[in-house]
Amino acid sequence: QPFGHGLDDPVAIGKQADVSAGGARGDALGKLGHHEAAGFDLAFHGAVGDGHLIDALLAYFADVRKRVATQKELCEQRDITMVTIVDDAYPQSLRGIANAPAVLWVWGVIPDAAHSAVAVVGTRQCTHQYGRPVTELLGQEWCARGAAIVSGLANGIDTIAHESTLRNGGRTVAVIASGIDRITPLPAKHLAWRIVEHGGAVVSEHPCGVAALPPYFPARNRII
């Protein structure tokens with residue numbers, strides 16, 4: 001499903017597509033998520049050069065199926081759910097954003113659409129005179145009004161927002177910049193466990209096994 005309707009039969013794609021370099025490549029890439037597009041592009045250009053487009057498509061999608069099977073196994077071991085953009089469980093508000101992730105890895109339960117939510121993102125080096133008390137106060141007020149708090153599980157304001165929500169009996173969602181099995185540092189991992197235990201969720205657009213990289217942090221803010 002995350003790779004688009006009809007892509008389960010690469011032979012049919014090869015036979016039906018306009019196999020000119022522009023037509024076939026554009027049609028296939030349009031159906032792929034951004035994690036898969038780069039790999040397909042490399043396979044496509046190599047195939048066009050050798051004249052073996054169908055063989056390359058068969059090999060590429062066989063590799064995709066293998067990676068998806070590996071992810072399913074890892075998710076089952078860790079109680080993580082893969083939610084695709086075509087699933088009912090995919091957050092409706094997220095479908096309308098630019099570059100919406102094709103797949104979300106979810107540990108826990110995302111609040112439903114009827115549940116109001118507030119995003120909180122801030123500096124890792126907040127002050128004890130202003131940043132901490134204000135974040136705690138706002139978290140308390142929002143929880144009292146039934147809002148879920150969505151933040152990024154980073155040090156500083158993000159952590160304070162999550163912890164304030166838990167102390168006040170609210171639900172919180174952490175959107176992270178790595179695979180769910182690669183949460184670091186250790187205090188963040190412990191906080192993630194508490195979030196899930198109290199009815200919240202940890203969410204990522206990255207598969208299990210992916211470590212956080214600097215560009216992933218600003219990118220995840222669009223999901224928050």
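Before I come to a particular residue, let me say that helices here are DSSP runs of at least four residues, numbered from the N terminus, and that what we are looking at is a predicted model.

With that in hand, the protein chain has nine helices and six strands, and of its 224 residues, 39% count as buried. If we take the contacts in the chain with a separation of 6 or more, 68% of them are between residues 24 or more positions apart. The accessible surface comes to about 11900 Å², and carbon and sulfur atoms account for 56% of that.

Turning to the interior, the largest nonpolar core has 18 residues, and those with the most contacts inside it are Ile-80, Trp-105, Leu-153, Ile-180, Ile-183 and Val-202. At least two residues of this core come from strand E2, residues 103-108, and at least two from helix H8, residues 186-197, with H8 giving the largest share, namely four residues. Another core, of 13 residues, lies apart from that one, and it includes Leu-94, Val-173, Val-175 and Ala-201.

Now to the residue I had in mind, Arg-78, which lies in helix H4, residues 53-78. Is Arg-78 buried, exposed or partly exposed? Its relative accessible area is 34%, and because buried means under 20% and exposed over 50%, Arg-78 counts as partly exposed. Leaving aside neighbours within four places in sequence, Arg-78 is in contact with Trp-107 and Asp-181. The C-alpha atoms of Arg-78 and Trp-107 are separated by 8.2 Å, although the two residues are 29 residues apart along the chain. Finally, the side chain of Arg-78 makes a polar contact, at 3.3 Å, with the side chain of Gln-77.

Terms used: Residues are numbered from 1 along each chain as its sequence is written. This is a predicted model: local features need pLDDT of at least 70, side-chain atom pairs count only at pLDDT 80 or more; totals for chains, interfaces and linings use all residues. Side-chain values use heavy atoms; hydrogens and water are left out. A nonpolar core is a set of buried Ala, Val, Leu, Ile, Met, Phe, Trp, Tyr and Cys residues joined through side-chain atoms within 4.5 Å. Buried means under 20% relative accessible area, exposed over 50%, partly exposed in between (1.4 Å probe, protein chains only). Contact means heavy atoms within 4.5 Å. A polar contact is a pair of N or O atoms within 3.5 Å; within protein, one must be able to donate a hydrogen and the other to accept it, and residues adjacent in sequence count only if both atoms are side-chain atoms. Accessible areas come from the Shrake-Rupley method with a 1.4 Å probe; for residues, only the protein chains shown count as cover.
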